[in-house]
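Q: Could you take a close look at one part of this model for me, and then walk me outward from there to the ligand sites? I'd like one connected answer.

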Amino acid sequence: MSDEQLLVVEGVSKGFPGVQALQNVRFDLSAGEVHALVGENGAGKSTLMKVLSGIYKKDSGTVKFKGENVDVAGPLEAQHLGISIIHQEINLMPDLTVAQNIFIGREPKSFGKLFLNDRKLNKDAQELLDSLKLPLDPTQIVGELTVAKQQMVEIAKAISYNSRVIIMDEPTSSLTPTETSALFVIIENLKKAGKGVIYISHRLEELGKISDRITVFRDGQYIDTLKTKDTTIEKIISLMIGREVHVDLRPEANTSTSEVVLKVEGLSSKRLLKDVSFDLKRGEILGFAGLMGAGRTEVALALVGKDPITAGKVEVNGKVVKINNPADGVALGIGYLSEDRKRYGLLLGQNVDFNIILSSVKRYSTALGFFKKAESKKVSEAAVKTLSIRTPSVNQTAKNLSGGNQQKVVIAKWLTRECDILIFDEPTRGIDVGAKEEIYKLLRELAAQGKSIIMISSELPEVLRLSDRIVVMCEGRVTGIIDNKEADQNVIMQYATKYRN
Amino acid sequence: MAAKTSIGHDESQAKGGLVASIRRQAEQSLAFASLVLIFIFFSFANSAFYSWSNISGILLSTAVTGMLAIGTTFVIITGGIDLSVGTGTTLTAVMTAYFLSDLKMPFAIGIVVGLTSGALMGAINGLLITILKLPPFIATLAMMLIAKGLALVISGVAPIYTDSVSGWDQIALGNLIPNLPNAVLILFVSAFLASIVLNRTIVGRYTFAIGSNEEATKLSGINVNKWIVIIYAIGGLFTGMAGILLTSRLNSAQPALGAGYELEAIAAVIIGGTSLLGGKGSILGTVIGSLIMAVLINGLRIMAIQQEWQTVVVGIVIIIAVYTDSLRRRKDRS
Ligand SMILES: Nc1ncnc2c1ncn2[C@@H]1O[C@H](COP(=O)(O)OP(=O)(O)OP(=O)(O)O)[C@@H](O)[C@H]1O
Ligand SMILES: [Mg+2]
């Protein structure tokens with residue numbers, strides 16, 4: 001780390017109707033440094049980053065870039081100054097190719113600036129991707145890529161501006177450990193090149209590996225800045241939440257019974273699954289572990305009728321059932337919380353109340369189809385409270401919530417709806433430590449009430465902590481079903497990589 | 001829904017670009033194949049269909065709405081819509097004829113007036129959409145009415161004849177290439193140029209980018225408002241071109257002719273595989289879509305099917321075209 005100060009933020013405030021998102025905060029960044037910013041969902045992290053990258057206008061305060069006062073008026077000005085950002089939500093043009101996305105607005109031209117030079121565009125993109133060691137094809141259409149790969153496109157795009165300051169707002173929330181390490185290598189190289197990186201993440205264990213300093217925000221206010229090597233995760237958590245939080249690593253009480261509610265035998269699907277068998281008991285939390293592409297999400301999609309089943313048998317409560325489309329899954333009482341909240345989970349333009357009640361509308365309407373507004377409001381307000389969703393009221397439009405709070409709304413929606421079998425796919429993505437604890441508690445309560453839960457998660461500690469049994473998958477097959485007592489990270493990783501060289 | 005896949009360089013990924021480009025070509029050849037099939041069907045059904053004079057008649061009849069469809073393609077790829085191109089054609093035709101006949105302006109001025117009035121109308125649509133933030137449907141619906149009214153006012157509700165301008169009818173009806181009306185030649189040259197603009201220039205790239213994700217385009221530092229105005233103005237330029245062709249073909253401007261053309265143009269664009277949701281589309285597809293409509297109408301007419309039923313058939317064809325398209329898209333996804 002050199003002493004050159006790239007960025008100094010002082011006394012910045014920013015308010016929205018009903019919310020003071022930032023109140024007199026400060027932050028600074030030196031060349032060759034990774035400065036992490038942490039805080040609960042809704043603490044104001046993304047808001048500050050949007051101020052720095054010209055998307056929001058600050059209400060007051062100063063931003064100094066390389067010693068000079070600047071007013072970043074828009075994304076283009078941020079680019080010119082040398083500040084680039086990887087947004088928390090993926091912001092790409094799905095119909096354009098990887099290369100077209102990366103160089104949008106900076107396309108190489110030929111014949112006196114009149115025409116695009118797509119050959120050079122693809123070549124430049126390929127060189128950039130190679131130098132970052134990202135396995136992407138520049139000519140592939142972005143909409144056809146997985147979320148993780150789209151995230152890599154975002155990373156490549158942000159770095160291609162060759163900016164002095166690079167902001168990464170939860171870049172790893174949809175990446176696996178392998179991809180995350182690849183990103184850390186990239187970040188190390190950026191540091192060596194004298195750039196400054198602002199790094200936001202709810203995976204606090206990452207901070208020890210990558211950051212030099214950590215700043216904590218709480219409720220829109222600056223709390224403290226600490227040197228990473230002089231602090232602990234526990235200390236950071238207590239600064240974030242304002243009190244001690246007991247992070248429990250022991251498995252919770254097992255509430256599973258011997259009654260099998262879901263039995264899957266020899267399930268295969270067109271896309272990936274081969275001969276998948278397992279059963280789920282009443283009151284059980286069944287964890288699904290595995291690497292990306294192991295087929296965990298595909299199991300869920302087959303069970304809710306989104307992916308056609310080509311072979312095998314599914315029994316619900318002892319009866320063989322046919323699940324041909326999503327309505328069948330719903331009728332059988334199987335609920336699915338998707339890993340891709342923007343596309344399948346949330347109506348961004350509707351308010352919080354509407355979103356929470358959405359899948360249980362029937363329960364909150366009269367025989368004639370009129371909506372019981374007061375009753376539904378009571379329920380959604382209760383959900384907002386239990387999950388501590390940070391919103392001025394349940395009438396707030398979903399898109400105005402912070403990323404983590406949007407995820408909580410999706411969870412609230414599925415908790416409100418009474419399903420006997422619930423499938424949660426990456427439920428705690430982007431959620432802060434405190435709220436995670438709340439969600440774990442709720443899942444455990446649901447299980448104790450006799451619901452059965454399948455939980456797919458890429459975070460092993462979470463799987464280990466919550467599951468009664470763990471199904472491990474690799475390349476579309478089940479490679480092991482382990483009792484929690486016998487499971488640890490090593491055992492799971494062994495099964496998860498069984499078919500890999 | 002996207003499948004989770006591993007980080008490794010798997011084969012499907014390496015082939016992704018190629019597969020995608022082959023698929024895109026296949027989509028187009030699907031529309032092309034339907035055109036050929038319809039063509040062959042009518043050729044067998046009635047011998048009068050398969051003659052050069054009939055075919056060049058078909059082509060001539062596509063010239064005006066085909067031109068509008070090309071302009072509309074740009075607008076629809078941004079995720080917008082332009083309902084004003086039909087009566088816009090009337091207005092540009094009336095403007096052109098007014099300058100030529102009433103003001104006795106020379107030939108070249110007529111062309112300039114036609115093109116600029118079209119582009120201006122498009123630009124105003126763009127400004128209504130970006131500055132006043134009106135939805136494209138509303139902004140261009142209003143413009144449709146304004147253009148209709150202005151055309152009636154300027155023309156005094158009577159045709160304006162352009163036969164005083166020597167050679168004006170040759171723009172559409174002359175034969176630079178023997179036996180081929182110039183209007184058809186102009187349509188194909190315009191389509192070629194439009195295709196280059198859409199695929200090889202920055203305007204084209206931003207047209208797709210805005211239709212694909214306007215917010216992300218904005219966040220990439222692109223002045224989306226400016227480009228939307230430009231894109232609607234380009235659409236308007238083709239409206240102006242259509243107006244010129246129409247006056248030339250009729251050697252007059254008819255103040256009531258043009259309303260409804262916008263729907264034919266939109267239908268051609270959709271049949272050609274351009275998505276109403278934005279982000280996807282091609283000029284070649286639009287040209288094929290226009291031809292499918294023109295061949296159908298001509299063929300049905302030759303088979304002496306009543307006008308009323310012709311319209312019904314076109315409606316059904318749109319349903320089939322869009323349904324097969326969405327079916328294929330759904331298959332792609334799973
Ligand atoms: N455009 C907006 N309109 C209204 N309120 C907003 C808007 N953007 C953010 N907020 C509010 O400002 C507060 C801070 O949000 P911000 O997105 O900065 O949180 P965050 O720290 O990034 O949280 P997360 O960890 O969940 O991403 C939240 O209460 C949020 O609801
Ligand atoms: Mg955020």
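A: Just after helix H9 of chain A, A:Gly305 takes a positive phi of about 80 degrees. This is a predicted model, so take the angle as a computed value.

Step back into the helix itself. H9 covers residues 296-303 of chain A, and eight of its eight residues are buried, so "mostly covered" is a fair label. The buried set in H9(A) includes A:Arg296 and A:Glu298. A:Thr297 is in there too, along with A:Val299, A:Ala300, A:Leu301, A:Ala302 and A:Leu303. As a general point, an α-helix has 3.6 residues a turn, so residues three or four places apart point the same way.

Now go forward past the glycine. A:Lys306 sits in the loop that runs from H9 to strand S16 (309-316) of chain A. Its relative accessible area is 39%, so A:Lys306 counts as partly exposed, since that class lies between 20% and 50%. A:Lys306 also has a partner in space: its C-alpha is 5.9 Å from that of A:Asn325, with the two positions 19 residues apart in sequence.

Positive phi turns up elsewhere as well. A:Lys66 has one of about 50 degrees, although A:Lys66 is not a glycine. Look for A:Lys66 in the loop between strand S4 (60-65) and S5 of chain A. With 42% relative accessibility, A:Lys66 is partly exposed. Strand S5 (residues 68-70) of chain A holds A:Asn69, and A:Asn69 is exposed, because its relative accessible area of 55% is over the 50% cut-off. If you want a long span to click on, try A:Asn69 and A:Lys413: their C-alpha atoms are separated by 45 Å, and they are 344 residues apart along the chain.

Over in chain B, B:Val157 is another residue other than glycine with a positive phi, near 55 degrees. B:Val157 lies in the loop between helix H5 (136-155) and strand S1 (160-161) of chain B, and at 61% relative accessibility B:Val157 counts as exposed.

On to the ligands, back in chain A. The magnesium ion, ligand 2, is coordinated by A:Ser46 through OG and by A:Gln88 through OE1, at 2.0 to 2.1 Å. That pair links distant parts of the chain: A:Ser46 belongs to helix H1, while A:Gln88 is in the loop between strand S6 (83-86) and helix H3 (98-102), 42 residues apart. Both A:Ser46 and A:Gln88 are buried.

A:Ser46 comes up again at ligand 1. There are 22 residues around ligand 1, and the closest are A:Ser46, A:Thr47, A:His202, A:Ser402 and A:Gly404. By class, that shell has six nonpolar, 13 polar and three charged residues. Strand S2 (19-30), helix H1 (45-52) and helix H14 (403-416) of chain A each supply at least two residues of the shell. In domain terms, at least three shell residues come from each of domain 1 (5-241) and domain 3 (347-418) of chain A.

For specific contacts, start with A:His202, where a polar side-chain atom lies 2.7 Å from an oxygen atom of ligand 1. A:Ala43 uses its backbone: an N or O atom there is 3.2 Å from an oxygen atom of ligand 1. At A:Tyr56, an N or O atom in the side chain lies 3.2 Å from a nitrogen atom of ligand 1. As for cover, ligand 1 has 640 Å² of accessible area on its own, and the protein covers 93% of that.

Terms used. Residues numbered from 1 in each chain as written. Chains lettered and ligands numbered in written order. Predicted model: local features only at pLDDT ≥ 70, side-chain atom pairs only at ≥ 80, totals over all residues. Heavy atoms only, no water. Near = heavy atom within 4 Å. Polar contact = N/O pair within 3.5 Å; in protein donor to acceptor, adjacent residues only side chain to side chain. Areas by Shrake-Rupley, 256 points an atom, 1.4 Å probe, with all protein chains shown as cover. Helix = DSSP H or I, 4+ residues; strand = E, 2+ residues; numbered from the N terminus. Nonpolar A, V, L, I, M, F, W, Y, C, P; charged D, E, K, R; others polar. Domains from an automatic or database assignment. Donors = N, O, S within 2.8 Å, 3.2 Å for Na, K, Ca; no water. Buried < 20%, exposed > 50% of the residue type's maximum accessible area, 1.4 Å probe, protein only.
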